[in-house]
Amino acid sequence: MIPTDPLPTDRMPTVALPAGTAVPALGQGPWHMGEVRARAAAEAAALRDGIDRGLTLIDTAEMYGDGGAERVVAQAIAGVRDRVFLVSKVLPQNASAAGLAKACAASLQRLGTDRIDLYLLHWRGSHTLAETVAGFERLRAAGQILRWGVSNFDTDDMTELAALPAGAACATNQVLYHPDHRGIEFDLLPWCRAHRMPIMAYSPLGQAGRLLRSPALGAVARRHGATPAQVAIAWSRRAGATIAIPKAATPEHVRQNAAAAAIVLTPADLAEIDAAHPPPRRKQPLGML
Ligand SMILES: NC(=O)c1ccc[n+]([C@@H]2O[C@H](COP(=O)([O-])OP(=O)(O)OC[C@H]3O[C@@H](n4cnc5c(N)ncnc54)[C@H](OP(=O)(O)O)[C@@H]3O)[C@@H](O)[C@H]2O)c1
């Protein structure tokens with residue numbers, strides 16, 4: 001029996017950002033939504049279904065569908081904006097002082113809202129971190145974003161960021177994390193933990209590829225009456241300081257993913273997953289998609 005009954009939305013587990021705000025530990029990502037006009041309504045309906053099931057954190061980016069994903073998110077959150085914690089990302093080439101202001105204004109317009117709850121630098125580019133952080137702080141002072149963070153930053157990038165005058169305001173680092181990409185456990189996760197900063201785990205389902213065919217995930221899933229995808233989500237959240245953002249465009253996937261919030265893996269489950277998907281023994285370069 002696959003658990004498809006989600007937790008009551010007010011019981012969705014939360015994670016505290018460094019400044020103390022509690023956000024849902026499980027959200028939704030719309031990469032590849034908004035690319036085909038004929039699919040947009042169904043994609044928005046899937047996101048809205050997720051919101052109603054407690055997946056109220058939505059991650060998007062100006063890059064996805066060249067703005068199309070933000071338009072789909074706008075449809076999904078229409079009328080329920082205040083229930084949603086909205087995350088979007090700026091492309092590195094737009095992360096100059098002037099570029100940020102323009103990119104953020106365009107994202108706000110596509111999203112149909114007056115503020116982004118968390119605005120991330122998608123990955124590091126050629127603009128200095130000092131300029132980008134100053135730009136983020138200006139947007140924050142203007143109320144267009146409520147907080148900012150980064151994505152695809154390795155430990156040395158985080159150290160450099162934290163040394164800037166406003167660097168401590170960084171709310172999160174969104175990185176690739178699933179059982180076949182555990183490199184961050186060696187140094188980046190401990191660094192974030194020491195700074196009380198949750199990570200956002202992207203592609204927690206390994207993009208529904210080889211990971212979901214893992215015999216170890218399959219065995220654990222059978223014990224819980226769950227699916228391998230639900231086990232992958234529970235695994236990514238197991239340490240309590242991770243926000244997982246699976247992407248789902250079908251009603252059944254949305255239902256399963258919301259219900260995964262209730263799954264708690266046992267030490268025996270984790271050991272079985274470790275044996276098949278071992279943790280890192282040394283520093284590994286940060287994985288990126
Ligand atoms: N910061 C970055 O650089 C970065 C990079 C990559 C991703 N991200 C973010 O992370 C989000 C998620 O990552 P992702 O989209 O790459 O991959 P993902 O969430 O690991 O996998 C998405 C795939 O899994 C399928 N799926 C969803 N729920 C399932 C379930 N319960 N059982 C079986 N299959 C299921 C989806 O199918 P359907 O769509 O058909 O339901 C889709 O094909 C993105 O949407 C984006 O917001 C950020």
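A polar contact is a pair of N or O atoms within 3.5 Å; within protein, one must be able to donate a hydrogen and the other to accept it, and residues adjacent in sequence count only if both atoms are side-chain atoms. The model is predicted, so local features need pLDDT of at least 70 and side-chain atom pairs pLDDT 80 or more, while totals for chains, interfaces and linings use all residues. Residues are numbered from 1 along each chain as its sequence is written, and side-chain values use heavy atoms, without hydrogens and water.

**Exercise 1.** Find which backbone atoms are in polar contact with oxygen atoms of the ligand.

*Solution.* Step 1: a polar backbone atom of Gly29 is 3.2 Å from a ligand oxygen. Step 2: for Pro30, a polar backbone atom is 3.4 Å from a ligand oxygen. Step 3: the protein covers 89% of the 910 Å² of accessible area that the ligand has on its own (Shrake-Rupley method, 1.4 Å probe).

**Exercise 2.** Sort the residues of the shell around the ligand by type.

*Solution.* Step 1: the shell holds 28 residues, each with a heavy atom within 4 Å of the ligand. Step 2: they divide into 13 nonpolar, twelve polar and three charged. Here Ala, Val, Leu, Ile, Met, Phe, Trp, Tyr, Cys and Pro count as nonpolar, Asp, Glu, Lys and Arg as charged, and the others, Gly among them, as polar.

**Exercise 3.** Name the bridge partner of Tyr119 in β7.

*Solution.* Step 1: β6 (residues 118-121) pairs with β7 (residues 148-151) in the parallel sense over three bridges. Strands are DSSP runs (E, at least two residues), numbered from the N terminus, and pairing needs at least two bridges. Step 2: the partner of Tyr119 is Trp148.

Methods:
Helices (H or I, at least four residues) and strands (E, at least two) are DSSP runs, numbered from the N terminus.
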